[in-house]
Amino acid sequence: MLIRLICTLFFFISLSGIVFAKNDKDYLSISIGQFDINDSKDSSELRIEYLDGKLSKILPKNLSLKPFYGIMLNGDDGKYFYTGFRKDINIGEKTFLTPSFAFGYYDQGSSKELGYDVEFRSQLELAYELESSNRIALSINHISNASLGEQNPGVESMVISFI
């Protein structure tokens with residue numbers, strides 16, 4: 001899992017040569033989908049994220065990463081509170097690819113045991129910008145503890161977002 005984390009960070013750093021979205025708007029993202037799509041016992045997922053439009057002040061400006069903050073709730077009373085960085089990449093006139101990486105606190109509730117309270121999330125989002133400058137997006141993510149705990153089962157989710 002540490003290798004996956006290092007590869008994700010390397011991916012973000014290597015993106016600096018690609019054309020990125022210059023949008024500096026703040027967005028609120030509301031998402032609904034499925035938690036744990038690779039397991040037979042899945043549940044619903046609801047997410048709310050605040051997407052800051054300004055570049056991070058704690059990272060070098062040449063990375064042009066933007067912070068975000070979120071809360072995920074699933075149908076089995078699991079909760080995940082997280083923060084991280086994202087990067088909007090224009091892949092078409094109104095189409096964006098947004099990789100992101102976050103870390104946060106996971107409260108299991110009656111949901112899947114992920115092996116540790118601190119969890120990391122890597123996500124890839126594909127979004128289309130509507131005439132109103134809002135976006136609709138599909139994203140898939142992986143949450144795991146990067147082997148901080150004795151167990152590291154990880155979980156994947158897929159959601160549709162209105163941003």
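Mentor: Relative accessible area, taken with a 1.4 Å probe over protein chains only, makes a residue buried under 20%, exposed over 50% and partly exposed in between. This is a predicted model, in which local features need pLDDT of at least 70, side-chain atom pairs count only at pLDDT 80 or more, and totals for chains, interfaces and linings use all residues. Side-chain values use heavy atoms, with hydrogens and water left out, and residues are numbered from 1 along each chain as its sequence is written.

Trainee: At what relative accessibility does serine 133 count as partly exposed?

Mentor: Helices (H or I, at least four residues) and strands (E, at least two) are DSSP runs, numbered from the N terminus. Serine 133 is placed in the loop between E7 and strand E8 (135–144). Serine 133 counts as partly exposed because its relative accessibility is 23%.

Trainee: What positive phi does serine 147 have, although it is not a glycine?

Mentor: Most residues other than glycine have a negative phi. Serine 133 departs from this with a positive phi of about 75°. Serine 147 lies in the loop between E8 and strand E9 (155–162) and is partly exposed at 47% relative accessible area. The phi of serine 147 is positive, about 65°.

Trainee: With the side chain of which residue does the side chain of serine 31 make a polar contact?

Mentor: Serine 31 belongs to strand E1 and counts as buried, because its relative accessibility is 2%. Contact means heavy atoms within 4.5 Å; beyond its neighbours within four places in sequence, serine 31 is in contact with Glu45, Leu46, Arg47, Val159, Ile160 and Ser161. A polar contact is a pair of N or O atoms within 3.5 Å; within protein, one must be able to donate a hydrogen and the other to accept it, and residues adjacent in sequence count only if both atoms are side-chain atoms. At 2.5 Å, the side-chain partner of serine 31 is serine 161.

Trainee: Which element gives the largest share of the lining of the largest cavity?

Mentor: A cavity is a set of points, on a 1 Å grid over the protein atoms alone, where a 1.4 Å probe fits but cannot get out, and lining residues have an atom within 4 Å of a point. The structure has two cavities of 30 Å³ or more, and the largest holds about 120 Å³, a volume being the space filled by probe spheres set on points joined across faces, edges and corners. Its lining has 14 residues, with Glu49, Leu51, Arg86, Thr98 and Glu125 nearest the centre. The largest share, three residues, is that of E7.

Trainee: Which element gives the largest share of the largest nonpolar core?

Mentor: A nonpolar core is a set of buried Ala, Val, Leu, Ile, Met, Phe, Trp, Tyr and Cys residues joined through side-chain atoms within 4.5 Å. The largest one has 16 residues, with Tyr80 and Tyr82 making the most contacts inside it. Two or more residues come from each of E1, strand E3 (66–74), strand E4 (79–86), E6 and E8. The largest share, three residues, is that of E6.

Trainee: How many strands does the chain have?

Mentor: From the N terminus on, the elements run α-β-β-β-β-β-β-β-β-β. Of the 163 residues of the chain, 45% count as buried. Beside one helix, the number of strands is nine.

Technical notes
1 Å grid on protein atoms, 1.4 Å probe; cavity = no way out; pocket = protein on both sides within 12 Å on 5 of 7 lines; lining within 4 Å.
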